[in-house]
Amino acid sequence: MELTIDKPVLSPHSFARIRFQDCDPFGHLNNARYMDYFLEARSEQLRQTANFDFYEYGSSSGKSWVVSKVETQYLEPVKQNDVVKIVTRLIKLTPATIHNEYLLLDKEGNRLKAVLRAQFSFIDLQKGRPVRHDQEMMSFLGSFIFSEPGLEDGSFEDRVKQLRKQVSEGKYSQD
């Protein structure tokens, strides 16, 4: 797999329909399923925008990323059959981890429904031990880092407030 890209998409988005089997008896998306939607969206977005497939990379290199930390803020209910907009981005890179931010919005991008921040450790799949990204991977991933004022300042809760303000100002309402 070639690890180069001319113009990376730093904040890709896609749409998903909330499935019946992912909902609780009240018809709300089960809180345990949010991460599935986020990870699937990120994986598909990278296939489409960067020609990068996590599963193919793991199979060929024997290395991949596993979740090591998650923070989630649920803001509004998401219901069965809703179409949602999912925005994903790489917000931090270290020699052994990646940190992603995920936004779940209504289809039009006018209402922020949930925010998730996840840290992934890079693992040797045979040994089950953390390893460092090689230089080629660091360079590739480094080209995807999303940055904006306020992203690194403050707590996760502060970031959620900042994102809510951005949504109310229409930042995510365009396709």
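Begin with the whole chain in view and follow it along the sequence, where the elements come in the pattern β-α-α-β-β-β-β-β-α-α, which amounts to 4 helices and 6 strands. The radius of gyration of the chain is 16 Å, close to the 16 Å that the globule rule gives for 175 residues, so the chain is as compact as a globular protein of that length. Keep in mind throughout that this is a predicted model.

While the whole chain is still on screen, turn it about its principal axes, along which the C-alpha trace spans about 45 × 35 × 30 Å. If you display the surface, its accessible area comes to about 9,500 Å², with 48% of that belonging to carbon and sulfur atoms, and 44% of the 175 residues count as buried. Among contacts with a separation of 6 or more, 68% are accounted for by residues 24 or more positions apart.

Next, select strand β3, residues 83-93, which is mostly covered, with 9 of its 11 residues buried. Add strand β1, residues 13-17, and you will see that β1 and β3 pair in the antiparallel sense over 5 bridges; within this pairing, R17 stands opposite V83 of β3.

Now bring in strand β4, residues 97-106, which runs antiparallel to β3 and is joined to it by 9 bridges. To find one of these bridges, pick T88, whose bridge partner in β4 is Y102, and then trace the hairpin that leads from β3 to β4 through 3 residues.

From the strands, move to the interior. In soluble globular proteins, nonpolar side chains tend to be buried together. Here the largest nonpolar core has 32 residues, of which F52, W65, I86, L104 and L141 touch the most other members. The elements that give two or more residues to this core are α1 (34-50), α2 (54-61), β3, β4, β5 (112-124) and α3 (135-142), and α1 gives the most, with 7 residues.

Which residues is L141 in contact with, leaving aside its neighbours within four places in sequence? Select L141 and show its surroundings, where you will find W65, L90, L93, I98 and H133 in contact with it.

For the last stop, leave this core and select L75, L105, L112 and L163, which are included in a second, separate core of 11 residues.

Conventions:
Residues are numbered from 1 along each chain as its sequence is written. This is a predicted model: local features need pLDDT of at least 70, side-chain atom pairs count only at pLDDT 80 or more; totals for chains, interfaces and linings use all residues. Side-chain values use heavy atoms; hydrogens and water are left out. Buried means under 20% relative accessible area, exposed over 50%, partly exposed in between (1.4 Å probe, protein chains only). Two strands pair if DSSP finds at least two bridges between them. A nonpolar core is a set of buried Ala, Val, Leu, Ile, Met, Phe, Trp, Tyr and Cys residues joined through side-chain atoms within 4.5 Å. Contact means heavy atoms within 4.5 Å. The radius of gyration is taken over C-alpha atoms; the globule rule is 2.2 Å times the number of residues to the power 0.38. Accessible areas come from the Shrake-Rupley method with a 1.4 Å probe; for residues, only the protein chains shown count as cover.
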